[in-house]
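Trainee: I have a structure to go through. Can we take the sheet first and the charged side chains after that?

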Amino acid sequence: MHCPYCRNTDSRVLDSRSADEGASIRRRRQCTACDRRFTTIEQMQLVVVKKSGVVEPFSREKVVRGVRKACKGRPVTEADLAKLGQRVEEALRASGQAEVPTQEVGVAILGPLSELDPVAYLRFASVYNHYQSVDDFLCEIERMQSDQPALPAN
């Protein structure tokens, strides 16, 4: 840890507190060389394990980019996508796992996306679940209709 003021590598911790509902630790530090104080936040590194075995850091922006494609032409705002990305990351962090398989990332996306926009959900699910035929779509639509109350007729 380098002091942001003098770049000294030695500091002492004055106070530590849990932050973000236990997802990170906030530490108040004092540099031993210049005596100035600064705050650091330590957060567990969440990584995604791909099917090939390659490990990469979790990226909320990558989740949003993937979902944005499914939402193209739909009434979904950037703010909605940002909230979805946050919900996905929170769900993955709540699992308590430091390494998350890509399969679990997809599952974490499907729930919030189905609430956000059913058509975008169907688009995303068709790629994620590798739909092979129209029957796959029909089965998913029937499942969606049985899970949700009927919309009032106009």
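The questions and answers below deal with a predicted model.

Trainee: In what order do the three strands of the open sheet lie?

Mentor: The sheet is open and its pairing is mixed. Strand S5 (55-57) and strand S6 (99-101) are the edge strands, each pairing on one side only. Neighbouring strands are turned by 35 degrees against each other on average, direction ignored. The order is S5-S4-S6.

Trainee: Do S4 and S6 pair in the parallel or the antiparallel sense?

Mentor: Strand S4 covers residues 47-49. Three bridges link S4 to S6. The sense is parallel.

Trainee: Which residue in S6 is the bridge partner of Val-49?

Mentor: Look along S6, an edge strand that spans 99-101. The bridge partner of Val-49 there is Pro-101.

Trainee: At about what angle does helix H3 run to S6?

Mentor: Helix H3 takes in residues 102-116. H3 lies across S4 and S6. Its angle to S6 is about 75 degrees.

Trainee: Now the charges. How many salt bridges does a search of the whole structure find?

Mentor: A pair counts if a side-chain nitrogen of Lys or Arg is within 4 Å of a carboxyl oxygen of Asp or Glu. Lys-50 with Glu-56 is one of these pairs, at 3.3 Å, N to O. The search of the whole structure gives 12.

Trainee: Which residue forms a salt bridge with Glu-56 at 2.8 Å?

Mentor: Glu-56 meets Lys-50 in a salt bridge at 3.3 Å. The 2.8 Å value belongs to another pair, again counted between the closest N and O atoms. The partner there is Lys-62.

Trainee: Why does Glu-56 count as partly exposed rather than buried?

Mentor: Buried means under 20% relative accessible area, and partly exposed runs from there up to 50%. Lys-50, at 31%, is partly exposed. Lys-62 is partly exposed at 38%. Glu-56 is partly exposed because its relative accessible area is 21%.

Trainee: How far apart are the closest N and O atoms of Arg-68 and Glu-61?

Mentor: Arg-68 is partly exposed, with 30% relative accessible area. Glu-61 is partly exposed too, with 41%. The salt-bridge cut-off is 4 Å. The closest N and O atoms of this pair are apart by 3.9 Å.

Trainee: Which residues do salt bridges with shared partners join into one network?

Mentor: Here the link is a shared partner. The network consists of Arg-27, Arg-29 and Glu-42.

Technical notes
Residues numbered from 1 in each chain as written. Predicted model: local features only at pLDDT ≥ 70, side-chain atom pairs only at ≥ 80, totals over all residues. Heavy atoms only, no water. Pairing = 2+ DSSP bridges. Helix = DSSP H or I, 4+ residues; strand = E, 2+ residues; numbered from the N terminus. Axes fitted to C-alpha atoms, helices over the stretch in contact; angles between N-to-C directions. Contact = heavy atoms within 4.5 Å. Buried < 20%, exposed > 50% of the residue type's maximum accessible area, 1.4 Å probe, protein only.
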